[in-house]
Amino acid sequence: MKNYSWKLITAIAVIVISATFVAPTFKEGIWPNKKINLGLDLQGGMNLVLDVQSDVAVEKSLERMSEEVKVLLRRDQIQYDAVKFVKESKSIEISLKSKADKEKLQESMKKEFGTLKQTNESSQGDAYTVTMAFPAEEVNNIKKMSVDQALETIRNRIDAFGVAEPDIRKHGEKGIIIQLPGIQDSQRAKDLIGKTALLEFKLVEDSGSIDSPPPGTQVLYQNEKDAESGKSSPKPFLIKKQALLSGDTITDARVQIDSQNYNKPHVTITFDKKGSRIFERITGENVQKRLAIILDNKVYSAPVIQDKISGGTARITGNFTLDEAKDLAVVLRAGALPAPVVIQEERLVGPALGADSIRLGVTSALIGLLIVVCFMLVYYRFAGLIANIALLVNILVIGAVLAMLGATLTLPGIAGIILTIGIAVDANVLIYERIREELRAGKTLRAAVNSGYEIATVTILDANITTLISTIVLFQFGTGPVKGFAVTLTIGVLASMYTAIILTRGIFEMILSNPERKTISI
């Protein structure tokens with residue numbers, strides 16, 4: 001088999017495969033592959049800058065620890081008057097009945113809560129009070145972890161929401177930038193992202209008064225919708241503050257339709273083994289009492305426990321629409337945010353603006369392509385036609401690789417493609433000029449072509465490899481649009497090396513395989 005055969009077969013295969021991957025971009029549905037993803041600047045969408053309230057994460061940690069300290073004191077039989085979290089000083093204040101338990105307390109705290117440090121102590125009579133707080137290093141560690149966890153939680157929620165190619169990354173010490181291309185319902189997306197999703201199971205206190213809640217209780221509300229008028233009104237519940245079970249034991253949450261209740265959607269949640277045991281115990285110990293299911297301090301349902309519930313599943317019912325039920329299931333599966341997030345900046349890019357960007361970008365690329373094609377035809381004539389074929393294949397390959405990898409094409413990405421056109425033509429110019437020199441030196445056409453490719457290939461590889469190094473650096477350290485530029489440029493440079501060095505040479509070898517061919521217009 002002649003040398004040019006494998007090059008042409010490879011070229012045909014590359015063109016067919018590339019066309020297969022690019023085709024869905026122009027006519028969706030003709031092939032199972034996805035079309036090329038367009039970035040926020042091309043198809044419109046939403047850009048959000050969030051601020052993670054990491055101070056709240058520190059407060060939550062201390063508040064949770066204060067409850068655990070109570071358990072510890074009871075376990076170690078240390079008599080105390082009060083254990084309370086002091087929000088203003090971000091500390092835990094422990095008041096003992098007797099100063100005699102001071103050393104016992106310090107030993108227990110050191111063993112169980114090593115991250116807390118004593119910041120103050122005082123005594124009055126026999127009573128002894130100690131104040132404990134996180135050292136600065138631990139505070140910074142909690143804040144950093146809360147931002148990292150929030151980033152991961154939001155990413156999981158958006159993935160489950162079904163947004164293609166979202167761009168989610170940290171911004172500064174406690175900021176998060178989110179770009180959602182193609183998002184239509186921006187309010188729903190913001191609700192999904194910003195929901196803290198702290199799920200708790202608490203008992204309803206039926207004996208107290210809502211107007212004057214007894215100690216250890218709180219008033220929370222359920223949004224009750226009137227079936228006839230459709231109007232919503234808050235329904236108060238007196239709830240015990242102590243959470244019996246939280247959402248961190250949930251392993252799954254799914255939307256189901258209740259066919260016996262007007263096809264209303266509800267969310268079925270599944271607990272892990274630990275959660276299952278706790279839920280079974282809670283329901284077993286509180287039969288005929290109401291158990292409130294609370295998400296972000298909002299009561300979703302408060303059913304009466306009829307019997308002990310085993311099996312590790314529970315239902316959250318309410319006046320959900322199907323979308324609301326789906327979003328609730330998403331946030332429960334993704335987990336709770338470690339701290340609330342606040343939207344600092346919101347920017348919506350309309351589809352019309354994206355369409356303008358596409359039109360202008362495509363127009364620029366076509367004009368550049370047309371100028372280059374005309375120049376090559378005029379200056380190199382038949383050889384210019386071969387270079388133009390290679391150029392078109394180059395663009396086809398870039399589109400195919402973008403679709404194949406599921407990469408996102410942005411406006412800077414289009415700029416990368418336009419730059420690639422120049423790089424690809426430059427490689428052919430180098431080869432053709434070398435062939436011209438060899439012909440002027442008196443070599444035969446075949447010898448001039450062989451020599452031209454062999455000599456010019458080294459120069460092309462040197463130039464393209466340095467460009468690739470630059471694009472790798474851009475991709476590694478760049479963000480958003482810069483990465484998009486680096487991706488298309490990298491693919492374009494690799495494709496141009498193939499088309500300029502291998503594809504065009506294969507065409508030349510096919511032409512020169514005819515022994516009667518002695519000249520070629522170049």
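**Exercise 1. Find how strands β10 and β16 pair, and place them in their sheet.**

Step 1. In this predicted model, strand β10 (residues 217-225) and strand β16 (residues 298-301) run parallel to each other and pair over 2 bridges, where strands are DSSP runs of E with at least two residues, helices are runs of H or I with at least four, and both are numbered from the N terminus. Two strands count as paired if DSSP finds at least two bridges between them.

Step 2. Within this pairing, Gln222 stands opposite Val299 in β16.

Step 3. The open sheet has 6 strands in the order β11-β10-β16-β15-β9-β12, and its pairing is mixed. Its edge strands, β11 (232-240) and β12 (245-246), each pair on one side only.

Before going on, note that residues are numbered from 1 along each chain as its sequence is written. Because the model is predicted, local features need pLDDT of at least 70 and side-chain atom pairs count only at pLDDT 80 or more, while totals for chains, interfaces and linings use all residues, and side-chain values use heavy atoms, with hydrogens and water left out.

**Exercise 2. Decide which residues of helix α4 are buried and which are exposed.**

Step 1. In α4 (residues 102-112), Leu105, Ser108 and Met109 are buried, that is, under 20% relative accessible area, whereas exposed means over 50% and partly exposed lies in between (1.4 Å probe, protein chains only).

Step 2. These residues lie on the same side of α4 because they cover an arc of only 95° around the axis, taken from the directions from the helix axis to the C-beta atoms.

Step 3. An α-helix has 3.6 residues a turn, so residues three or four places apart point the same way.

Step 4. On the other side of α4, Glu103, Glu107, Lys110 and Lys111 are exposed.

Step 5. The cover over the buried residues of α4 includes α3 (54-75), β4 (91-96) and β6 (127-133).

**Exercise 3. Describe the surroundings of Lys35.**

Step 1. Lys35 belongs to the loop between α1 and β1, and it counts as partly exposed because its relative accessibility is 39%.

Step 2. Leaving aside residues up to four places away in sequence, Lys35 touches Pro24, Thr25 and Glu28, a contact being heavy atoms within 4.5 Å.

Step 3. Lys35 and Gly399 are separated by 364 residues in sequence, but their C-alpha atoms are 9.6 Å apart in space.
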